[in-house]
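Open your viewer, switch on a cartoon with side chains ready to show, and follow along from stop to stop. Could you keep the sequence panel visible as well?

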Amino acid sequence: MSDFSNFLISFAFNLLVAIALVRFIYYPSTHNKRYVLTFLAFNTVIFFVLRFMTSIEIGIGVGFGLFAIFTILRYRTDPIPVREMTYMFLIAAIPVMNSASADASLWPHLVSANLLILVIMYLLEKGWGFHYESSKRIIYEKIELVRPDRRSELLSDLEDRTGLKIKRISIGKINFLKDTAAITIHFDAPRQDGWDNHEEQVAAVYSSADLDD
């Protein structure tokens, strides 16, 4: 196999892995197209740079210096969530690994490593083997129910309003001037339609300033 043929096959393999990771694992879980262009562009460019570095014998160690550049940049004007940062690392690390495909003897190892990465990320995104608990913070106006002896009524009312099977609730600050209470509800819901999986505040979100006496 010629060097050029090996280069094209390596590129196609690396791009296929990146597309599988982004299109079939990341995107179905988030439905966020905001980072798709960034992920695929980073993957492609890093692969080309490192493959050429390897071919001209600069050494793949120099390629890891790219990570230092990314660390300095870090998209400071637009902070990336932890989830996306994880995928960013994978997208950057995969071409570093796949650039070793110039050595034909490493192909079985590279194929196995890439497949294992895809399988592991797929299993993690599906939540297999893990039990997740979500929580939401809300402002509750029926302050007469925020009593220990009426906890069952409070729980029933919250479940009717949210449509969630609530495991437990935590009562925060109570504002008697506004007749409101800050309540955190906890429920098993790794994926709820219309509810983000992160601990975000819902429409009835509160701030500590709103609940000050």
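Start by selecting N175 and T180: T180, in β3, is the bridge partner of N175. Keep in mind as you look around that this is a predicted model.

Now widen the selection to the two strands themselves. β2 is joined to strand β3 (residues 180-187) by 7 bridges, and the two run antiparallel. In general, the strands of a sheet pair through backbone hydrogen bonds, in a parallel or an antiparallel way.

Add β1 to the view. Which order do the strands take in the open sheet? It reads β1-β3-β2, an open sheet of 3 strands with antiparallel pairing. The edges belong to β1 (134-140) and β2 (166-175), each of which pairs on one side only. Look along the sheet and you can follow its turn: on average, neighbouring strands are rotated by 20° against each other, direction ignored.

Next, select residues 151-162. This is helix α7, and it lies across β1, β2 and β3. Relative to β2, helix α7 runs at about 105°.

Time to leave the sheet and show the aromatic rings. How many aromatic pairs does a search of the whole structure find? The search gives 9 aromatic pairs. Zoom in on one of them, Y26 and Y87: the rings sit edge-to-face, 4.9 Å centre to centre, with 65° between the planes. Y26 belongs to helix α1 (residues 3-30) and Y87 to helix α5 (residues 82-98), so this pair ties together parts that are 61 residues apart in sequence.

Switch on a surface here. Are these two tyrosines buried or exposed? Y26 is buried, with a relative accessible area of 0%, and Y87 is buried too, at 2%.

Stay with the rings and select F7, F11, F47 and F48, which together form one aromatic cluster. Then pick R23 and F24 for a contact of another kind: R23 lies over the face of F24, 5.5 Å from the ring centre.

For the last stop, select L37, which has its place in helix α2 (residues 36-55). With the surface still on, you will find L37 exposed, its relative accessible area being 67%. Finish with a distance label between the C-alpha atoms of L37 and V22: these residues are 15 apart in sequence, and the label should give 9.8 Å in space.

Definitions and conventions. Residues numbered from 1 in each chain as written. Predicted model: local features only at pLDDT ≥ 70, side-chain atom pairs only at ≥ 80, totals over all residues. Heavy atoms only, no water. Phe/Tyr/Trp six-rings, centres within 6.5 Å; stacked < 30°, edge-to-face > 60°. Helix = DSSP H or I, 4+ residues; strand = E, 2+ residues; numbered from the N terminus. Buried < 20%, exposed > 50% of the residue type's maximum accessible area, 1.4 Å probe, protein only. Lys NZ or Arg CZ within 6 Å of the ring centre and 35° of its normal. Pairing = 2+ DSSP bridges. Axes fitted to C-alpha atoms, helices over the stretch in contact; angles between N-to-C directions. Contact = heavy atoms within 4.5 Å.
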